[in-house]
Amino acid sequence: MLDLAYISAFSGLRSIGDGRGVIARERRGIAIATVMARKGQGTALAAAVKEHFDINLPLGPHGSGSVSTSFLGTGPGRWLVTHDAGTPRFVERLAQQLEGLASVVDQSDGVGLLRLTGPALLDVLAKGVAVDLNTTAFPAGSVAVTQIAHMGVTLWKVDETPTFHIAIARSMAGSFLHWLEASAAVTGLVADG
Amino acid sequence: MSISRRLASGGLIDRSRPLNFTFDGKTYGGYAGDTLASALLANDTMLVGRSFKYHRPRGIFSAGPEEPNALVTLRSGPRAEPNTKATTIELFDGLKASSQNCWPSPQFDLRAVHQLAGPLLNAGFYYKTFMWPAAFWEKFYEPAIRASAGLGALSGLDDPDTYEKSHAFCDLLVIGAGPAGLAAALAAGRAGARVILAEEDFVLGGRLLGDTAQIDGVSAASWAALAEAELGTLPNVRILKRTAVFGAYDGEYGAIERVSDHLQVPPPFVPRQRLWKIVARQCVLAAGAQERPLVFPGNDRPGIMLASALRTYANRFGVTPGRRIAIFTTSDYGWRSAFELQKAGAEIAVVVDARAEVSPEVRKLAGNAPQFLGAHVSDTSGYRRLTGITITDSAGKTRRVAVDTLGVSGGWSPSIGIATHLGGKGSWAEEQSAFLCDERPPGMQIAGAAAAQWTLAQALENGALAGAKAASQVGLGLQAQKSIVASDEASGATPMWLFKGSRRKAFVDLQNDVTATDVALAAQEGFRSVEQLKRYTTLGMATDQGKTSNVNGLAILAGEIRKTIAETGATRARPPHVPVAIGAFAGLHSGKHFKPTRLTSSHAASAALNATFVEAGQWMRAQWFNAPGENDWLTSVTREVKAVRSTVGICDVSTLGKIALCGSDVGTFLDRVYINTFSTLPVGKVRYGVMLREDGFVMDDGTTAHLTADHWVMTTTTVNAGKVMQHLEYCHQVLWPELDVQTVSVTEQWAQVAVAGPKSRDLLQALLGDAFDVSNEAFPYLACAEFHVGNIPLRLFRVSFSGELAYEIAVPAGYGEALFNALMQAGKPLGVTPYGTEALSVMRIEKGHVAGSELNGQTVARDLGLGRMMSAKKDYIGRTMAAREALVDSNRPTLVGLRPVDRSHRLRNGALLFARDVTPAPDTNAGFITSTAFSPDHNHWIGLGLLARGPERHGEIIRAWDPVRSGDYELEVVDPVFVDAEGARLRA
């Protein structure tokens, strides 16, 4: 029986510098899927999402979620769904639940996920993100599909602490960490867990 | 021991923090709060360099970023920074600086002989003097000119420091923290606006720092400190010191923050400089104004300075640059400077005003100093330091006064450069004797001296109004503003552009050694537009961009061509307003971090197997694996190919683009983007496809698998993955939005490994056991399947690039490394060999498969031997254009196989192909070699090429001509498929 060990995208995450300006934790074991509305099924899809997850499907660059599942608007008719309750084969189940209404494509391994927080976070993110992340322009729940240091990222503000979740293509995890370390070390980057 | 010119008290320096520094190897002392210029002046060091063309001794001229003379090289070794203005260098302990453009020293410069050649070095001398003979241009004149002119030199060493970028967003960007800028920031900040206040200097205050005026009952400098303290308490205000805004762009401003330039070495993790992109809804340009010098004979001697700079050195730095100071002015400010200098304890020897009438209140400012009205300075003396001036009075009588310092004041030029970056231009306002800017970037106001609001009271009021207006523009309520009370001052000025006198040179541009005579000569020779004048004479070029010379230059030009200044106009200022290091624009992206690097999941495992990696786009791929004892790449690659052809090899192919296509109309969609038909492809099958650009040329190729009814997965070449994804999105969103198709990249989701060779099936069986039946019957050539082993989803494709029995197996990328290792483990008994992109390439060339070298953007499907795939039963992108006459010409170079007649000969890519009996020439060229490889199967080099009428010429001997690498040899044209032409191995 084939038994393969799993390596997460950000296994190279480490602390650097003095201080606790940014605290980073890799979100492991999260099921991630791209959900794309089928032609003409937007309304029915929203109803199905409401029914199965009690979530109002966001129709813009926002996230909405229940305890374990979040739908993040990443484009017209397109969402990034994350699920952190460890339900086996969650993406397959989601595809069945939304059968005929949306195409569901597994991305659980395609992106690495980080949870970032800390007092220096906004200053550090400003070194890469050309989007105004201030509360007035980017309140909690906002989602941006943008780039950091020439790498595509999806980031969403979870709360006003502030806490951000950020998704980066797996193959670029090393280059992303280079940017994060170079940008956050001055105020201290703490790898948490 | 040099004389100290430091005043006993006063100034904004911190006398409790003495600092040591070195200039040209000599050690001096200064204080925290000094600039290099103020510290040098305090040590009675005025002469700091030599001029650009004539190598004339030059001294410190200003106290700010407009400095034309005092350019030094800061630091040494890899951190050396040439052309740095001593007037803006913040002094730090251990600072080392050296003079430039002189040898051996600024005191004694051998190149000063250039002054003797002065008559030859006038405007346009390059074009006039170095004309004949033409053979000397490149070999003699240019090297000679370059060696003797120019400023500082780069170290040529790698910069050890880092640079970074940052983004900021605000309601209001205030550029400049002088009186107007501070007032604007306070007004908008108090109203609740998000404000960024950017100041180039390391202390806020601008002219307030050099002034003894009173504001709200306290000294100007104290008021600036109080304003800074209040701004610091406002959470919506951010102060960026040492930050120069250098450009206005569409809705954005560029700024450079000199984070560590005032430190010996940046602390750990701190960049030297930070490049800011500031997105501002409103902007107040409060960059102040620059005092204009006066143009008169001998006006460049060390000791002749801007009068306002003298005032700044006295009040801000507690330094009097000279013993006996004269003032030459055409404005009330000159008198004010005389007053302030006297107050600080300096001796004013004489005040010369070119205006015939000056009000008694202003004249009182000079105290007991002798005064001359309607007079001018007509000559100066002294070589390394000014020793005296000659005054010509209103009656034409001359007298000489011994002074070591002369302050000049010709009125003020508003600093409006940034306001003109989006295409506006300054226009001459006669009343204010200044260029003002009406056409500004959207959302920008100009306040204070930059808007010719000359007096302190005007600047403060004007700035506060601008700040309040900006706040209301972004929807914030108007706040009642506290009025700011400042002491009154006179601001009369009458510009006078050129004073005649002795035959000495009267300099307009000190940095470029452009004289009034040069300007006149340019006008006489027909260079009558300001832009022509600038380029012909170099007036206003280089590091100071003519901040002290432009207005004087064009005013003199106007006089020469008998036009008004308004008619003559000004040159256009373009970004950057101040010099910005290239390293700051690169930020973190230098060296191997120039672009992000993408690593496959088997990267570490491959490295452990001694892989040599190669860049493929942003990816790093294993190129070959060094086995023990191997020390040349061809040995390794040949071994890998032989292993695949005889047993089994594995190769990470995750980097190929993978695109999921979902929806009920994917078949139709693919029919339209590929030249061949896909709608008929059953579930569980893979097909090779070719897609064209709109113009009919081949864009990319790859396989697409039909996984389930509504789910397909396309592969693209590694390099074109992004382009194909973009193309598909365009096709769907723009051309055929009616189709039920959804696309998303899954390149990152799946780690995919090619398993190739006659034993590949055995290897997969060993790996998968009973989980999946890989027999030829159950899983024939071009089959695909998706299944689970435990909770791990797997995808299997029976495709082959090598021409052998082969599969590609995919798992979610988190399991990628484990899969690679499991294949190595399971394949041990079979002799499994990892292979890299070189072996992959050898095998595809042997098999006659086209790749990047053939899909070069200039080939159509027929050229690649793929013409038969072009369906006649359907329409697809590129179909019509591919039918153009030139693209169906039977003479087009078409894919062939090539082998050397002399089998020992090495083939090289790019060699040109000719018929055997023709002379190589462009019109006899019949094609070229696209790909070459040493074929272990044939034991000689083989190649693929594009040859005119190729398929008809199999068996013909042709000539390969490779003049670049001295190659000229014969080739036999053969079928491009060198191994297993029948394809039996694929289907085994």
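Two strands count as paired when DSSP finds at least two bridges between them, and that rule is the one to keep in mind for the sheet at the first stop of this tour through a predicted model.

**First stop: a sheet in chain B**

Begin by selecting β41, β42, β43, β40, β34 and β44 of chain B, which lie in that order in an open sheet of 6 strands with mixed pairing. At the edges you will find β41 (784–789) and β44 (833–834) of chain B, each of which pairs on one side only. From the edge strand β41(B), move to β42 (residues 792–797) of chain B, where the two strands run antiparallel and are joined over 6 bridges. Within this pair, select His788(B), and you will see Pro793(B) of β42(B) standing opposite.

Next, add the helix α20(B), which packs on the sheet and touches β34 (649–652), β40 (750–756), β43 and β44 of chain B. The direction of α20(B) makes about 20 degrees with that of β40(B).

**Second stop: Val755 and the nonpolar core**

Now centre the view on Val755(B), and leave aside the residues up to four places away in sequence: Val755(B) then touches Val648(B), Ile650(B), Ser760(B), Leu763(B), Leu764(B), Ala806(B), Tyr807(B), Ile809(B) and Leu823(B). The largest nonpolar core has 346 residues, and Val755(B) is one of those that touch the most other members, together with Leu172(B), Leu173(B), Val174(B), Ala184(B), Ala188(B) and Leu285(B). In soluble globular proteins, nonpolar side chains tend to be buried together.

**Third stop: two hairpins that share a strand**

Select β37 (residues 698–708) of chain B, where 9 of the 11 residues are buried, so the strand is largely enclosed by the rest of the structure. Which strand is joined to β37(B) by 8 bridges? The partner is β36 (residues 685–692) of chain B, running antiparallel to β37(B), and in this pair Lys685(B) stands opposite His706(B). These two strands form a hairpin with 5 residues between them, and in the turn Gly696(B) has a positive phi of about 95 degrees.

Continue to β38 (residues 711–716) of chain B, which runs antiparallel to β37(B) and is joined to it by 4 bridges. Here Thr708(B) has His711(B) in β38(B) as its bridge partner, and the hairpin formed by β37(B) and β38(B) has 2 residues between the strands.

**Fourth stop: where chain B meets chain A**

Show both chains and select the residues in contact, of which 44 belong to chain B and 44 to chain A. On the side of chain B that touches chain A, at least two residues each come from several elements, among them β8 (163–175), β35 (657–662), α19 (760–768), β43 (806–812) and α20 (816–826) of chain B. The element that gives the most to this side is β8(B), with 6 residues. Colouring that side of chain B by class should give 23 nonpolar, 13 polar and 8 charged residues.

**Last stop: the two domains of chain A**

Finally, colour chain A by its domain assignment, which gives domain 1 (22–27 + 110–191) and domain 2 (31–106). Taken over C-alpha atoms, the centres of these two domains of chain A are separated by 23 Å, while 10 residues of domain 1 are in contact with 10 residues of domain 2. On the side of domain 1 that touches domain 2, β8 (143–148) and β9 (151–159) of chain A each supply at least two residues, and the largest share, 3 residues, comes from β8(A). By class, this side of domain 1 of chain A divides into 6 nonpolar, 3 polar and 1 charged.

Definitions and conventions. Residues are numbered from 1 along each chain as its sequence is written. Chains are lettered from A and ligands numbered from 1 in the order in which they are written. This is a predicted model: local features need pLDDT of at least 70, side-chain atom pairs count only at pLDDT 80 or more; totals for chains, interfaces and linings use all residues. Domain bounds come from an automatic or database domain assignment. Two residues are in contact if their C-beta atoms, placed from the backbone, lie within 7 Å. Ala, Val, Leu, Ile, Met, Phe, Trp, Tyr, Cys and Pro count as nonpolar, Asp, Glu, Lys and Arg as charged, and the others, Gly among them, as polar. Axes are lines fitted to C-alpha atoms, for helices over the stretch in contact, and angles run from 0 to 180 degrees between N-to-C directions. A residue is buried if 20 or more other C-beta atoms lie within 10 Å of its own, exposed if 12 or fewer, and partly exposed in between; C-beta atoms are placed from the backbone. A nonpolar core is a set of buried Ala, Val, Leu, Ile, Met, Phe, Trp, Tyr and Cys residues joined through C-beta atoms within 7 Å.
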